[in-house]
Every structure is written in structure tokens, then in C-alpha cells.
Amino acid sequence: MNIKKNEISIHFEGDDEKIPIVFIHGFPFDHHMWNNQITCFNENYFCVTYDVRGLGDSVPGDGQYTIELFVDDLEMIIDELKLKKPIICGFSMGGYIALRAVEKIEEKFSGLILCDTRSGADSNEGKINRAIGIQKINLNGVKSYVNEFIQNCFCEKSRKNKRELVGEMISRSEYFSSSGIKGCLLAMAARTDTTNYLTKLQLPVLILCGEEDKLTTPTVMMEMKNKISNSEFYTIPDAGHLSPVENPWAVNEHIDKFLKKIKL
């Protein structure tokens, strides 16, 4: 089922009396990237996905976004659906949103899953790369930009053996609003660093990373794990940055084991 609230397209499946999980997708994707996870978990959990502002079916508006605005949207969804202490699962940019939300309102959640993301803010080089991305969109359009970007999210094996999947992920994103895509790049470039909060985190945390992720490497994510007292870390074989898409079976197995340990 789906609804639209405050210009955000929200989707949910399962019994709303069961433990809620909110899945936050990454850039430049939409809620469909979690299809394998929703299929796996909607029988035993209340699964919520949504399109981050500016992407998918959510309204792009003026494209003036911040991670703080994205956290406000997440809070709105939790309140709108009356979710009681959901588990939050964020991938890449969705992980930035999840980490800042937990830093701000940890008491509203019962668990945290981080996939292929990082707590650190962009370095100067990272900020320049975001600016280059905006320039590429201005010069060549969204289609050209997302084709190049998404190709690099997959590991070499996936690019070679899962061409249909790669093409599907690209085709979903290439028609998104240019102001929405650029707004997300600006929001990521301006985000705060949540690293200092990791040592204060009390929630149980599951950290997953594709073995061949070159954007947020296993080394970077292991550093996060070492700062979080109640955390588990696993690498996902045969996966680059898009581990929930490239190897959903391994990701779902780890998520399933983690969820069964959480007591609400």
C-alpha cells in the first residue's frame, strides 16, 4: 500500500501490529531498491519504505535539501504511521539519514542497520566530487550522470553477469528530476559528521558492507563498528556498493538473524 504525505511517497506492507522496520534507500535510487528485503520480511514484520524527497515519486520541490530536512521527513513518517520504536535500516545516503536521526532521537528507535555507508562527513575532495556531479548534470543531463554513477556502484562481477539488473537500476533513476538529484548531492556535501556519536550509541547495530565496495570500503565500515559497543559487522560476498541489490540473500540472512535478537 502507498500514501503520499507532505510530498513524500510512502509505501508499507505487512501487519502494522508487528515490529516495524523502516528502510531508507540510497542515492540516486528509490524505494524499489529494497524489493528483495520487503519480499523477505513483510510476513513477519511491518515493512515501511519511502522515496526520499526529490527522488522516485516524491515531489522534488525547489531542490534545496539538507540531511536535517530528510530527518524531519523520516520523523513525519514515523508519526504519520504511528510506528512504535521502529528498527531503521539505511543504505548509503539512507545511512547518513539514519545516523543523524539516531543522533538526534535515538530513543525513538529499537535497532539500527547500516548498509554500505559511513558516519564521516565529506572530505574536501568529496565535496568537490559532488560539485563535479552537479556540473555533469548541468552539461549532459541526468541520464548520462546516473548511468556512469550507478555502473560504478556495482562490483565488476555484477556488471559482467547481472547486466539486466544493472540496466534496471539505471532505468529507474534516469528519469528522476534533475533538481532532485542535484538537491541530494548538495545535502550530502553539507551533512554533519556523526562519528563522535558512535561511542554513545546504545542501540543494537548491524553493519553490512559489500566486499568490493569502493565507495564505502569494508575498512571504513569496520572503523565504525569498532566505535559502537553493541554492534556486529559482516562483509557481503559478490557485492560492491549495492550489497542489498547485488547479493540480497546474504544481506537478508544477516538482517534476519539480527532482527531475531532484538527484544521490543
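1. Of the contacts in the protein with a separation of 6 or more, 77% are accounted for by residues 24 or more positions apart. The model is a predicted one, and these contacts, like every value below, are computed from it.

2. The protein contains 11 helices and 8 strands. Its radius of gyration is 17 Å, close to the 18 Å that the globule rule gives for 264 residues, so the protein is as compact as a globular protein of that length. Taken along the principal axes, the box filled by the C-alpha atoms is roughly 50 × 40 × 35 Å, and buried residues make up 55% of the 264 residues.

3. On the surface, the accessible area of the protein comes to about 11,600 Å², and carbon and sulfur atoms hold 47% of that area. As for charge, there are 31 positive and 37 negative side chains, and the centres of these two sets lie 2 Å apart.

4. Helix α3 covers residues 93–105, and its 13 residues should span 18 Å at 1.5 Å a residue, which agrees with the 18 Å between its end C-alpha atoms. Because 11 of the 13 residues of α3 are buried, the helix is largely enclosed by the rest of the structure. Among the buried residues of α3 are M93, G94, G95 and Y96 towards the start of the list, together with R100 and I105.

5. H254 belongs to helix α11, which comprises residues 248–261. With a relative accessible area of 18%, H254 falls under the 20% limit and is therefore buried. When its neighbours within four places in sequence are left aside, H254 is in contact with L206, L208, Y234 and I236; of these residues, Y234 and I236 lie within the range of strand β8 (231–236).

6. The peptide bond from F27 to P28 deserves a look in the model, since it is cis, with omega near 0°. P28 is placed in the loop that runs between β3 (20–24) and α1 (35–41).

7. Two residues that are not glycine should be checked for their backbone angles. K82 has a positive phi of about 55° and is found in the loop between α2 (67–80) and β5 (87–91); its relative accessibility is 72%, so K82 counts as exposed. D238 likewise has a positive phi of about 55°, and its place is in the loop between β8 (231–236) and α10 (243–246). At 36% relative accessibility, however, D238 counts as partly exposed.

Definitions and conventions: Residues are numbered from 1 along each chain as its sequence is written. This is a predicted model: local features need pLDDT of at least 70, side-chain atom pairs count only at pLDDT 80 or more; totals for chains, interfaces and linings use all residues. Side-chain values use heavy atoms; hydrogens and water are left out. Helices (H or I, at least four residues) and strands (E, at least two) are DSSP runs, numbered from the N terminus. The radius of gyration is taken over C-alpha atoms; the globule rule is 2.2 Å times the number of residues to the power 0.38. Buried means under 20% relative accessible area, exposed over 50%, partly exposed in between (1.4 Å probe, protein chains only). Contact means heavy atoms within 4.5 Å. Accessible areas come from the Shrake-Rupley method with a 1.4 Å probe; for residues, only the protein chains shown count as cover. Lys and Arg count as positive and Asp and Glu as negative; His and the chain ends are not counted. The place of a charge is taken as NZ of Lys, CZ of Arg, CG of Asp or CD of Glu. The expected span of a helix is 1.5 Å times one less than its number of residues.
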